[in-house]
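Please walk through this model with the structure open beside the text. The route goes from surface exposure to charged pairs, then to the strands and the pocket.

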Amino acid sequence: FNQNRKIKAEEDFNKTGLSGCVSATHRDVLEGGFLSDDVTKGSVDAVFLDLPRPEEAVGHAYEVLKSKGKICNFSPCIEQVQKAS
C-alpha cells in the first residue's frame with residue numbers, strides 16, 4: 001500500500017539478518033491478491049496486513065497461506081478488526 005513502508009521494511013530486514021527469510025512487496029493486494037511469480041498458493045507462513053480495508057485482503061491472504069499459516073492485521077480501530085475477523 002505504501003512504497004516508503006516497503007523500503008523501510010526491507011532496510012529493517014537487512015539490518016536484522018532476515019532479508020533471506022522475509023520479503024516485502026508493494027502492489028495492490030486488495031485488487032490483485034498476493035499471488036505472483038514468487039508467491040504461490042499455500043506457500044506463505046504468515047501475512048501481515050497494514051491496509052486501510054484489511055477485510056478485503058483476508059481472502060487473498062488465505063489463498064497463499066500454508067495450512068498452519070498466520071495472519072497479523074494492524075488496524076487502528078475496532079470496526080476494522082471486526083470486519084476482518
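A residue is called buried under 20% relative accessible area, exposed over 50%, and partly exposed in between. Keep in mind that this is a predicted model. Take E56 as a first case. Its relative accessibility is 37%, so E56 counts as partly exposed. R53 has a relative accessible area of 39% and is partly exposed as well. The side chains of E56 and R53 meet in a salt bridge, with 2.8 Å from N to O.

Why can such a contact form? Side chains of opposite charge can pair when their charged atoms come close. For a salt bridge, the cut-off is a side-chain nitrogen of Lys or Arg within 4 Å of a carboxyl oxygen of Asp or Glu. The structure has six salt bridges by that rule.

Another of them joins R5 to D50, with the closest N and O atoms 2.7 Å apart. This pair links distant parts of the chain. R5 sits in helix α1, while D50 lies in the loop between β1 and α3, 45 residues apart from it. D50 has a relative accessible area of 38%, so it falls in the partly exposed class.

K41 and E63 make a further salt bridge. Here the closest N and O atoms are 3.8 Å apart. Again, distant parts of the chain are linked. K41 belongs to the loop between α2 (29–32) and β1, and E63 to helix α3, with their positions 22 residues apart. Is K41 buried or exposed? At 60% relative accessibility, K41 counts as exposed. E63, at 30%, is partly exposed.

Now turn to the strands. β1 and β2 (residues 65–73) run parallel, joined by five bridges. One residue to find in β1 is F48, whose bridge partner in β2 is C72. Helix α3 (residues 58–64) joins the picture too: β1, α3 and β2 make a right-handed β-α-β unit.

Where does the largest pocket fit in? It holds about 1100 Å³ of space. Of its 28 lining residues, the closest to the centre are S23, A24, T25, V47 and F48. So F48, bridged to C72, is also among the residues closest to the pocket centre. α1 (3–15) and β1 (44–49) each supply at least two residues of the lining. The largest share, six residues, comes from β1. By type, the lining divides into 17 nonpolar, five polar and six charged residues.

Technical notes
Residues are numbered from 1 along each chain as its sequence is written. This is a predicted model: local features need pLDDT of at least 70, side-chain atom pairs count only at pLDDT 80 or more; totals for chains, interfaces and linings use all residues. Side-chain values use heavy atoms; hydrogens and water are left out. On a 1 Å grid over the protein atoms alone, a cavity is a set of points where a 1.4 Å probe fits but cannot get out, and a pocket is an open set with protein on both sides within 12 Å along at least five of seven lines; lining residues have an atom within 4 Å of a point. Grid points are joined across faces, edges and corners, and a volume is the space filled by probe spheres set on the points. Helices (H or I, at least four residues) and strands (E, at least two) are DSSP runs, numbered from the N terminus. Ala, Val, Leu, Ile, Met, Phe, Trp, Tyr, Cys and Pro count as nonpolar, Asp, Glu, Lys and Arg as charged, and the others, Gly among them, as polar. Two strands pair if DSSP finds at least two bridges between them. A crossover is right-handed if, with the strands pointing away from the viewer, the path from the first strand over the helix to the second runs clockwise. Buried means under 20% relative accessible area, exposed over 50%, partly exposed in between (1.4 Å probe, protein chains only).
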